[in-house]
Structures are given as C-alpha cells and as structure tokens.
Amino acid sequence: MRSFLNSLLTITFALLFFYGCEVEEKKNIYQSPALQKYSKFIYAENFLLKDKASKINKDLSGLLGIEADFLIENKVSFDGEVIDELIDCGKMNDEIYVNYIDRIFGSYLEAIITFEVIEESNNFKITNKPIKYVFYSKETGTRWKFKTNKPKELLVGNPVYDDNPYRTCISKNILEKKITNIFNEI
C-alpha cells in the first residue's frame, strides 16, 4: 500500500510539475499597415528619344535584375528581406508581417511592370502603368494581389488566434519611384 501511495504521489508531483511548466499559448496580434502613410503615387508622361531606348532598358534591367524592356510586360520576382522594402502588409506582434510569413511559410513577391508606349516620329511617349503585385505564401498558397495605389485586404483561412481575420497589403511606392527616376534622369 505504501509503495502505491509513493507511486501516486510521484505521479501527482510529476503531473503538477509538467502542467506548471506548460508554455502558455501565445496570442498573436495583427496590426494593419497605416495606409495614409503612403501617399498616392502619381505617374507622369515621359518623352524619350528613340536613341535613348537602349539606355532606359539597360537601367531598368539593372534595377530589376532581369532583361527588361519597356516595350513589353516585365515580370520580376523578389524574395527575402527586399520584400519588406517594397510592400507593407502590417505587423504580427512586433514582427513585420511579410517577414513573419517568410519565416513560417516561405514567401516571394512578384511584380508585373508595364508601360503605355505611344511611338511617335523620333520619340516614345511613355506612361508607367500601375505595378501589379502578388505576394505569395509558399506553403499555404495564399496570395495577396494588389496594385500601385490600391491596397488589398484578404481574408485569411487561419487567423492564428486573432480576432481580425483580414490582412492588408499596400505598395510603399519605392519601386514606382525608382522606375520614374530612371526615366527622369535621361
């Protein structure tokens, strides 16, 4: 009987010890990006002499890391830390949300860059179109599709203990400004 009581006490203390050491489930809190922080990007028309076209394409290629051509659609992918430089999807707790997604699920960002081009006698009249962004969560397949000046709110399937099941993404207009600078420098 005494051995039974000792065993029972040992098991009881072990259960109390393990239960007392149990990690409390963390409540994640999502914060949307401050949309008013990003002013509306305004595109201007650019006039480019045809003999400067190869310089523009070279500069675009250098910026985008692909063989770019302003006469066609340019699709480029970004991964890693550069994503949070280009877009803002808010925060999860104190962590930038795109970094949170990348750490948990893996992620990448695609940008489709196009221009409206009107060919005239010796030059091109060029207007940047809004950049189409798609932010992907690799593991879950979740996609946030949005454009320059048009944030997107997405209902996520698993809001991770959060009362807010929506996640919002917006362009920081960094890529838009860099592209515009290329045209303005010519």
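These legends go with a set of close-up views of a predicted model.

**View 1. The whole chain, before zooming in.**
The protein chain has 186 residues, and 38% of them count as buried. Along it sit 5 helices and 13 strands. Take the contacts between residues at least 6 apart in sequence: 66% of these join residues at least 24 apart. The accessible surface adds up to about 11800 Å², with 53% of that belonging to carbon and sulfur atoms.

**View 2. Helix α2 and its two sides.**
Here we look at α2, residues 53-64. The helix has 12 residues and spans 16 Å from first C-alpha to last, close to the 16 Å expected at 1.5 Å a residue. Which residues of α2 are buried? Ala53, Ile56, Asn57, Leu60, Ser61 and Leu64 are. They sit within an arc of only 135° around the axis, so they end up on the same side of α2. An α-helix has 3.6 residues a turn, so residues three or four places apart point the same way. Turn to the other side of α2 and you find Ser54, Lys58 and Gly62, which are exposed. The cover over the buried residues of α2 includes β2, β3 (74-78), β7, β8, β9 and α5 (174-184). Just after α2 comes Gly65, with a positive phi near 75°.

**View 3. Strand β10, with a partner strand on view at each pairing.**
Strand β10 covers residues 132-137, and 5 of its 6 residues are buried, so the rest of the structure largely encloses it. One partner is β7 (residues 107-113), which pairs with β10 in the antiparallel sense over 6 bridges. If you want a landmark for that pairing, Glu110 has Val134 in β10 as its bridge partner. Another partner is β11 (residues 143-147), which runs antiparallel to β10 and is joined to it by 5 bridges. Here Lys132 stands opposite Lys147 in β11. β10 and β11 make a hairpin with 5 residues between them, and Gly141 in the turn has a positive phi of about 80°.

**View 4. A salt bridge between strands β9 and β2.**
The structure holds 5 salt bridges, and this view picks out one of them. The side chains of Lys125 and Glu45 meet at 3.4 Å, N to O. Where in the chain do Lys125 and Glu45 lie? Lys125 belongs to strand β9 (residues 123-128) and Glu45 to strand β2 (residues 45-49), so the pair links distant parts of the chain, 80 residues apart. Glu45 is partly exposed, at a relative accessible area of 45%.

**View 5. A salt bridge from a loop to strand β8.**
Next up are Lys50 and Glu119, whose side chains form a salt bridge at 2.7 Å, N to O. Lys50 is in the loop between β2 and α2, while Glu119 is in strand β8 (residues 115-119), so the pair ties together parts 69 residues apart in sequence. Are these residues buried or exposed? Lys50 counts as partly exposed, with 30% relative accessibility, and Glu119 is exposed, with a relative accessible area of 57%.

**View 6. The three-stranded sheet with β1 and β6 at its edges.**
This open sheet has 3 strands in the order β1-β5-β6, paired antiparallel. Its edge strands are β1 (30-31) and β6 (95-96), each of which pairs on one side only. β1 pairs with β5 (residues 91-92) in the antiparallel sense over 2 bridges, and Gln31 has Lys91 in β5 as its bridge partner. Also shown is the salt bridge between the side chains of Arg103 and Glu95, at 2.8 Å, N to O. Arg103 counts as exposed, at 53% relative accessibility, whereas Glu95 is partly exposed, with a relative accessible area of 24%.

**View 7. The three-stranded sheet with β4 and β12 at its edges.**
This is another open sheet of 3 strands, with the order β4-β13-β12 and antiparallel pairing. β4 (87-88) and β12 (152-155) are the edge strands, and each pairs on one side only. β12 and β13 (residues 166-171) pair in the antiparallel sense over 4 bridges. To find your way along that pairing, look for Glu153, whose bridge partner in β13 is Thr168.

Conventions:
Residues numbered from 1 in each chain as written. Predicted model: local features only at pLDDT ≥ 70, side-chain atom pairs only at ≥ 80, totals over all residues. Heavy atoms only, no water. Pairing = 2+ DSSP bridges. Buried < 20%, exposed > 50% of the residue type's maximum accessible area, 1.4 Å probe, protein only. Contact = heavy atoms within 4.5 Å. Areas by Shrake-Rupley, 256 points an atom, 1.4 Å probe, with all protein chains shown as cover. Salt bridge = Lys/Arg side-chain N within 4 Å of Asp/Glu carboxyl O. Expected span 1.5 Å × (residues − 1). Arc of directions from axis to C-beta.
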